Amino acid sequence: MTREIRSWLSDMDGVLVHEGVALPGAPEFVRALRDGDRPFLILTNNSIFTVRDLRARLASSGIDVEESSLWTSALATARFLVDQMPTGSAYVIGEAGLTTALYEAGYTLTAADPDFVVLGETRTYSFEAITKAIRLIQGGARFIATNPDVTGPSQEGDLPATGAVAAMITAATGRQPYFVGKPNPMMIRSALNRIDAHSETTAMIGDRMDTDIVAGIEAGLRTFLVLTGSTKAADINGFPFRPSQVVDSIADLVGLVRDGGVAGA
């Protein structure tokens, strides 16, 4: 059996770039998508950067994409909140990627009786801000987090990320957050809606079994695991699910895009 792939979703870090350097085949893959007029989005759970920032960072590595081809957990969170409560209010812990997404979605950013506490990623988590979030949640604000990643990479090693700080707030309040980003398939479905794509004819490329691949599977997409990031070949058997296909790098998928995206089901 064959299955046509008309649209593509791809994770960014570990698939297209690593520490600001393009991975083998990444510029060619994106160029093939554009040349073939294939709808695509580049996804990231990182909520720190705006799409303008991300476009500039990718361009510096030799990958040319439009801002409209980028979809972050911050944008997905803003979309979710608007669907839940248009023109609501939120107390936000995060950086420009998250605050800009919420502001542009029409949300009021406030510490005075907000509807939601929204936790995103930042390199400078403030104890004062976390304490304020805890008290607002105890007072009735609903708890939302952009993504569940507990660590993030840096040149010096792992850094605590959104999921780790969310666990601290949960321990203090007894309230679990709703995580919008991967592996929640909601982020995948919101991406599909953005490019008017259907799950039956869309593929997800990722480097992490526990976020990218499981989110793609749960959203009904064909999934490709690349071995240039977090998950190594030896790790795959530790998971109770499998990607549709495992490839060494995104370079192995350039030909598939150029051939019209027909792959074995």
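**View 1. Helix 3 and helix 4 cross in a right-handed sense.** This is a predicted model, and that holds for every view in this set. The axes of the two helices come within 8 Å and cross at roughly 30°. Angles under 35 degrees count as roughly parallel, and helix 3 and helix 4 are therefore roughly parallel to each other. To find the contact, look for A74, L75, A78 and L81 on helix 3, which meet G97, L98, A101 and L102 on helix 4. The residues of this contact divide into 7 nonpolar and 1 polar, with no charged residue among them.

**View 2. The second largest pocket has a volume of about 350 Å³.** Helix 2 (51-60), strand 6 (70-72), helix 3 (73-84) and helix 4 (96-104) each give two or more residues to its lining. Which helix gives the most to the lining of this pocket? That is helix 3, with 5 residues. In total, 19 residues line the pocket, and those nearest its centre are V51, L75, T100, A101 and E104. Two of these names should be familiar from the previous view: L75 and A101 also belong to the contact between helix 3 and helix 4. By type, the lining of the pocket splits into 9 nonpolar, 5 polar and 5 charged residues.

**View 3. The largest cavity holds about 40 Å³ of space.** How many cavities of 30 Å³ or more are counted? The count comes to 1. Around the largest cavity you will find W8, L9, S10, L16, F29, V30, L33, F40, L41 and I42. Strand 2 (7-11), helix 1 (26-35) and strand 5 (40-44) each supply at least two residues of this lining. The lining residues divide into 9 nonpolar and 1 polar, and no charged residue takes part. For anyone new to such views, rolling a probe the size of a water molecule over the atoms shows where empty space is left.

**View 4. Helix 5 and helix 6 pack at an angle of about 45°.** Helix 5 covers residues 127-138 and helix 6 covers residues 162-173, and their axes are 10 Å apart. Are the two helices parallel or oblique to each other? Given the angle between them, helix 5 and helix 6 are therefore oblique to each other. The crossing of helix 5 with helix 6 is right-handed. On the helix 5 side the contact is made by I130, A133, I134, I137 and Q138, and on the helix 6 side by V165, M168, I169, A172 and T173. These contact residues comprise 8 nonpolar and 2 polar, with no charged residue.

**View 5. E218 of helix 8 is in contact with two prolines, P183 and P185.** Neighbours within four places in sequence are left aside in naming these partners of E218. Helix 8 spans residues 209-218. P183 sits in the loop between strand 13 (178-179) and helix 7 (185-194). The peptide bond leading from K182 to P183 is cis, with omega near 15°. From E218 to I250, 32 residues apart along the chain, the C-alpha atoms are separated by 22 Å.

**View 6. D113 has a positive phi of about 50°.** D113 takes this value although it is not a glycine. Its place is the loop between strand 8 (108-109) and strand 9 (116-119). As background to this view and the one before, most residues other than glycine have a negative phi, and most peptide bonds are trans.

Definitions and conventions. Residues are numbered from 1 along each chain as its sequence is written. This is a predicted model: local features need pLDDT of at least 70, side-chain atom pairs count only at pLDDT 80 or more; totals for chains, interfaces and linings use all residues. Side-chain values use heavy atoms; hydrogens and water are left out. On a 1 Å grid over the protein atoms alone, a cavity is a set of points where a 1.4 Å probe fits but cannot get out, and a pocket is an open set with protein on both sides within 12 Å along at least five of seven lines; lining residues have an atom within 4 Å of a point. Grid points are joined across faces, edges and corners, and a volume is the space filled by probe spheres set on the points. Helices (H or I, at least four residues) and strands (E, at least two) are DSSP runs, numbered from the N terminus. Ala, Val, Leu, Ile, Met, Phe, Trp, Tyr, Cys and Pro count as nonpolar, Asp, Glu, Lys and Arg as charged, and the others, Gly among them, as polar. Axes are lines fitted to C-alpha atoms, for helices over the stretch in contact, and angles run from 0 to 180 degrees between N-to-C directions. Angles under 35 degrees count as roughly parallel, over 145 as roughly antiparallel, 65 to 115 as roughly perpendicular and the rest as oblique. A crossing is left-handed if the near helix is turned anticlockwise from the far one by less than a right angle, and right-handed if clockwise. Contact means heavy atoms within 4.5 Å.
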